[in-house]
Amino acid sequence: MGKWQRPYSLDATTGFAMLGLVGVAGAVSLLVIAYVRGWPMPVPTPVAILFGAWMAICLAVAVRQAMLGVYVSAAGVRSRTLLRTTTVPWASVASIHSGIATIAGLDMGRSAIIIERTDGVAVQTALQRGDLLRPFTFRPELGRLATWPEHYDEILTTLRAHQRDAQPRDAVQADGPARQSTAGAATGRRSAGVGRSVTNHGGPTAEQRRDVHALTRQHQRGALTDAEFAAALARIQGPDAG
């Protein structure tokens, strides 16, 4: 993967943003032509400058709104919000998970996809979990992409799959001996008569169950072939699945 791209399908919010971008660009072009020709009536220069500046701001916001989201490439993962773009190399990504969406530290009452860096810094993306009543609220969503819960879960699963694929092979192979040494130490503690009992939880975690559920829905809708579904399921379950 040599270029940055969204690893998911666009939702209605982004589609309307792109249509708005085309509409704003068309309106600007029409007004410029009308001003140059002096039709239907001459426009005072200060009014034309003020209106032109306003249209330029609207055009810039529409462009940025259409580019909101999370992009991936072989180099890393990139989050585009309304005001900034943050790029995190895959080696610096600790996890990609769902967290609390905030604005200036205030809880928005939604979940957002968070990119957790290895240095402890959390990068909040513009992707947020919407609700069933969202299409009827008509509130502006500038700077945010509140998508349907199922679509949100699929995006989160896809981003995690890209993170797993980007992990170095030597790190994955080194994880096996580390787990074995940890299990051996636990066995030694039990044989030494330590009062605490160590339980080895071999079942899937809640995060893995959610990823498997999202993959299954994609497979049922035909978005994934049988081979793609099996490969993605094997990556989620990891080497301990057998």
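This text walks through a predicted model, from a helix and two strand pairings to salt bridges and one buried threonine.

Start with helix α2, which covers residues 45-66. Its length can be checked against its residue count. At 1.5 Å a residue, the 22 residues should span 32 Å. The C-alpha atoms at the two ends lie 31 Å apart, so the helix agrees with that expectation. The buried residues of α2 are Met55, Ala62, Arg64, Gln65 and Ala66.

Next comes a sheet. Three strands form it, and the sheet is open. Their order is β1-β2-β3, with antiparallel pairing. The edge strands are β1 (69-72) and β3 (85-89), since each pairs on one side only. From one strand to the next, the twist averages 20°. Strands of a sheet pair through backbone hydrogen bonds, in either a parallel or an antiparallel way. Here, β2 (residues 76-80) and β3 run antiparallel and are joined by 5 bridges. One position to look at is Val77, whose bridge partner in β3 is Val88.

A second pairing involves β4 and β5. Strand β4 takes in residues 93-103, and strand β5 takes in residues 106-117. They pair in the antiparallel sense over 9 bridges. Within this pairing, Ser95 stands opposite Glu116 of β5. The two strands form a hairpin with 2 residues between them. In that hairpin, Ala104 takes a positive phi near 55°.

Now turn to the charged side chains. A search of the whole structure finds 3 salt bridges. Asp119 and Arg117 make one of them, with their closest N and O atoms 2.6 Å apart. Asp119 is partly exposed, at a relative accessible area of 48%. Arg117 is partly exposed too, at 25%.

Another salt bridge joins Arg129 to Asp153, with the closest N and O atoms 2.8 Å apart. Arg129 lies in strand β6 (residues 122-129), and Asp153 lies in helix α3 (residues 149-166). The pair therefore ties together parts that are 24 residues apart in sequence. Are the two residues buried or exposed? Arg129 is partly exposed, with a relative accessible area of 24%. Asp153 has a relative accessible area of 17%. The cut-off for buried is under 20%, so Asp153 counts as buried.

Helix α3 also holds Asp165. The side chain of Asp165 meets that of Arg235 in a salt bridge, at 3.1 Å from N to O. Arg235 lies in helix α6 (residues 226-237), so this pair ties together parts that are 70 residues apart in sequence. Asp165 counts as partly exposed, at 45% relative accessibility. Arg235 is partly exposed as well, at 33%.

Finish with strand β6 and its residue Thr125. Thr125 is buried, with a relative accessible area of 2%. What lies around the Thr125 side chain? A polar atom of that side chain lies 2.8 Å from the backbone oxygen of Ile113. The backbone nitrogen of Leu127 lies 3.4 Å from a polar atom of the Thr125 side chain. Leaving aside residues up to four places away in sequence, Thr125 touches Val70, Ser79, Ala112, Ile113 and Ile115. Ile113 thus appears twice: in that list of contacts, and through its backbone oxygen.

How values were computed:
Residues are numbered from 1 along each chain as its sequence is written. This is a predicted model: local features need pLDDT of at least 70, side-chain atom pairs count only at pLDDT 80 or more; totals for chains, interfaces and linings use all residues. Side-chain values use heavy atoms; hydrogens and water are left out. Helices (H or I, at least four residues) and strands (E, at least two) are DSSP runs, numbered from the N terminus. The expected span of a helix is 1.5 Å times one less than its number of residues. Buried means under 20% relative accessible area, exposed over 50%, partly exposed in between (1.4 Å probe, protein chains only). Two strands pair if DSSP finds at least two bridges between them. Axes are lines fitted to C-alpha atoms, for helices over the stretch in contact, and angles run from 0 to 180 degrees between N-to-C directions. A salt bridge is a side-chain nitrogen of Lys or Arg within 4 Å of a carboxyl oxygen of Asp or Glu. A polar contact is a pair of N or O atoms within 3.5 Å; within protein, one must be able to donate a hydrogen and the other to accept it, and residues adjacent in sequence count only if both atoms are side-chain atoms. Contact means heavy atoms within 4.5 Å.
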